[in-house]
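This report is written for a reader meeting the structure for the first time. It goes from whole chains to single residues.

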Amino acid sequence: MSPKIPDNVLAVGAAGVLAVYGIGYAMTNASWRLSNEIKLARRTEHAGDYRDGRYRAVGTSPFGDVWVDVTVRRRRIEAVEIPRVTTFYPESDIAALPAEAVARQSAGIDIVSGATGSTAAFFDAVTRALDQATRPPAKDGR
Amino acid sequence: MPVVEQNRSFVAMDTLVSTTFVGMSDPAAAFDVVRGWFAEVERACNRFDPASELNTLTTGRWLTPTPTLFHALALATTIASASQGAFDPSLGHQLAGRGFDRHYLTGNRSTPAGDGNWRDLELDRASSRLRLRRDIAFDLGAIAKGFALDLAAAELLEADLDGFALDAGGDLLLHGVNHDGLPWRVGVRDPRQPRQLLTTLRVSGQAVCSSAGYRRGSHLLDPRTRRPAQALGATVVAPVAAVADALSTAAAVLEPPDAIALLDANGVNGVVVAHDGTVESTTGFEVDP
């Protein structure tokens with residue numbers, strides 16, 4: 001065993017947050033666009049080939065669905081917004097749960113810890129929206 | 001008085017970040033605060049981006065990084081030391097070898113170089129400088145989301161609002177009250193059956209972070225043995241999200257008794273599920289049945 005007493009990790013963490021936040025190292029919307037939306041546009045193979053418009057699509061995962069609104073302007077992705085996210089709280093297998101767990105499910109849950117797979121659902125949704133933007137305008141309702 | 005609640009989401013750090021603000025006069029501004037801090041931490045710490053500050057660190061000389069990167073690395077190495085390497089922020093190599101080598105937005109492949117580890121990072125806290133004695137393939141993925149949550153919360157706590165819940169891919173930070181005026185009711189997903197809940201907590205002023213093998217395949221490695229983690233998953237409750245994030249990763253690779261000892265030693269609470277389905281928690285881990 002090392003004789004050294006480790007730093008208190010909570011204190012180091014809190015001090016780090018205060019040091020960074022305290023100097024006002026805030027970023028702007030513009031930088032967020034740079035780091036995300038432009039990369040997203042670059043990532044797509046057909047960048048520049050989209051029809052202008054606003055396209056909504058939903059991506060699904062076992063734990064939640066994500067809706068996106070993709071705005072194409074001058075044939076490029078201008079913005080990707082997320083109007084809605086659902087998290088499926090675990091109630092589908094409710095019949096299989098013991099009574100105690102059923103009681104737990106029925107009480108309101110605000111939020112669930114543990115990964116949801118919703119990032120995959122987001123990219124699924126963006127891909128579907130861009131499919132709409134690359135197809136000719138629909139005539140048969142599809 | 002009507003309680004206003006607003007939910008909005010964005011994508012950052014390879015994950016979906018969802019925000020809930022309660023009783024907030026300007027939820028759009030609050031949303032931008034969260035988005036801005038995630039962008040800042042991603043700029044500093046993203047190992048998949050060749051232009052990130054982390055990837056432009058050079059070996060051998062004393063450097064003056066931005067406070068964001070300095071403190072992310074300082075906390076990462078502190079937790080690595082406190083966990084005797086069970087949390088290891090220098091695993092870029094091993095992860096890349098297992099296929100975690102693409103930027104989530106650009107799809108660009110990155111092959112981290114570096115034969116050093118976190119012990120080869122020297123930090124001078126007085127001058128906020130650092131030096132890499134050897135090339136190190138850092139991966140701050142298990143601390144960056146939590147750090148961004150903490151920074152966002154620090155700014156939001158100065159705003160006029162009743163409460164907020166931030167969710168970065170299942171890593172949560174909760175403050176104040178929910179729309180019922182009560183502490184947040186948090187379900188902890190069961191790593192044995194991810195569609196079910198392991199337990200339920202009542203939380204305010206705390207982060208709840210989980211690490212589990214089911215997340216994206218089996219991406220957790222025991223840094224000391226270089227083999228996949230044996231535990232199914234761990235959840236940590238702590239007032240600092242970066243600490244909860246990193247310690248949940250460490251706890252998930254340890255045998256449950258060692259994981260519980262690690263959490264106790266660092267003054268945080270949590271629950272660990274072993275591969276055989278055994279559940280162990282710290283004595284202070286309070287469920288809300």
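## Chain B as a whole

In chain B, 61% of the 289 residues are buried. The model is a predicted one. Chain B contains six helices and 15 strands.

The accessible surface of chain B is about 10500 Å², and carbon and sulfur atoms account for 48% of that area. Of the contacts in chain B between residues at least 6 apart in sequence, 58% connect residues at least 24 apart.

## Chain A as a whole

Chain A has 142 residues, of which 42% count as buried. Four helices and four strands make up its list of elements. Read from the N terminus, their order is α-α-β-β-β-α-β-α.

About 8100 Å² of chain A is exposed, with 55% of this area supplied by carbon and sulfur atoms. For contacts in chain A between residues at least 6 apart in sequence, the share that joins residues at least 24 apart is 51%.

## Aromatic pairs

The count of aromatic pairs over all chains is two. One of them is formed by F10(B) and F31(B), in an edge-to-face arrangement with 5.5 Å from centre to centre and 85° between the planes. This pair links distant parts of the chain, since F10(B) belongs to strand β1 (residues 5-12) of chain B and F31(B) to helix α1 (residues 27-45) of chain B, with their positions 21 residues apart in sequence. F10(B) has a relative accessible area of 2%, so F10(B) is buried. F31(B) is also buried, because its relative accessibility is 2%, and the cut-off for buried is under 20%.

F10(B) also pairs with F38(B): the ring centres are 5.8 Å apart and the planes meet at 75°, so this pair is edge-to-face. The angle qualifies because planes over 60 degrees apart count as edge-to-face. F10(B) lies in strand β1 of chain B and F38(B) in helix α1 of chain B, so the pair ties together parts 28 residues apart in sequence. F38(B) counts as buried because its relative accessibility is 0%. Through these ring pairs, F10(B), F31(B) and F38(B) are linked into a cluster.

## Arginines over rings

In chain B, R8(B) lies over the face of F31(B), 3.9 Å from the ring centre. F31(B) is thus named twice in this report, as it is also the partner of F10(B) in an edge-to-face pair.

Chain A has an arrangement of this kind too: R84(A) lies over the face of W67(A), at 4.4 Å from the ring centre.

## N178(B) and its contact with chain A

Where is N178(B) found in chain B? N178(B) lies in the loop between β7 (171-176) and β8 (184-190) of chain B. N178(B) counts as buried because its relative accessibility is 2%, and buried means under 20%.

The side chain of N178(B) makes a polar contact of 2.8 Å with the side chain of D110(A). When residues up to four places away in sequence are not counted, N178(B) touches D110(A) as well as V22(B), P183(B), W184(B) and R202(B).

## E122(B) and its surroundings

E122(B) is part of strand β4 (residues 121-124) of chain B. Apart from neighbours within four places in sequence, E122(B) is in contact with W62(B), R129(B), L130(B), R131(B) and R133(B).

Two of these arginines have side chains joined to the side chain of E122(B) by polar contacts. The contact between E122(B) and R131(B) is 2.7 Å, and that between E122(B) and R133(B) is 3.4 Å. E122(B) and L247(B) are separated by 125 residues in sequence and by 22 Å in space, C-alpha to C-alpha.

## Helix α5 of chain B

Helix α5 of chain B covers residues 241-253, which is 13 residues. From its first C-alpha to its last the helix reaches 19 Å, close to the 18 Å expected at 1.5 Å a residue.

How many of the residues of α5(B) are buried? The number is 13 of 13, and α5(B) is described as mostly covered.

Note on methods: Residues are numbered from 1 along each chain as its sequence is written. Chains are lettered from A and ligands numbered from 1 in the order in which they are written. This is a predicted model: local features need pLDDT of at least 70, side-chain atom pairs count only at pLDDT 80 or more; totals for chains, interfaces and linings use all residues. Side-chain values use heavy atoms; hydrogens and water are left out. Rings of Phe, Tyr and Trp (its six-membered ring) pair if their centres lie within 6.5 Å; planes under 30 degrees apart count as stacked, over 60 as edge-to-face and the rest as tilted. Helices (H or I, at least four residues) and strands (E, at least two) are DSSP runs, numbered from the N terminus. Buried means under 20% relative accessible area, exposed over 50%, partly exposed in between (1.4 Å probe, protein chains only). A charge sits over a ring if NZ of Lys or CZ of Arg is within 6 Å of the ring centre and within 35 degrees of the ring normal. Contact means heavy atoms within 4.5 Å. Accessible areas come from the Shrake-Rupley method with a 1.4 Å probe; for residues, only the protein chains shown count as cover. A polar contact is a pair of N or O atoms within 3.5 Å; within protein, one must be able to donate a hydrogen and the other to accept it, and residues adjacent in sequence count only if both atoms are side-chain atoms. The expected span of a helix is 1.5 Å times one less than its number of residues.
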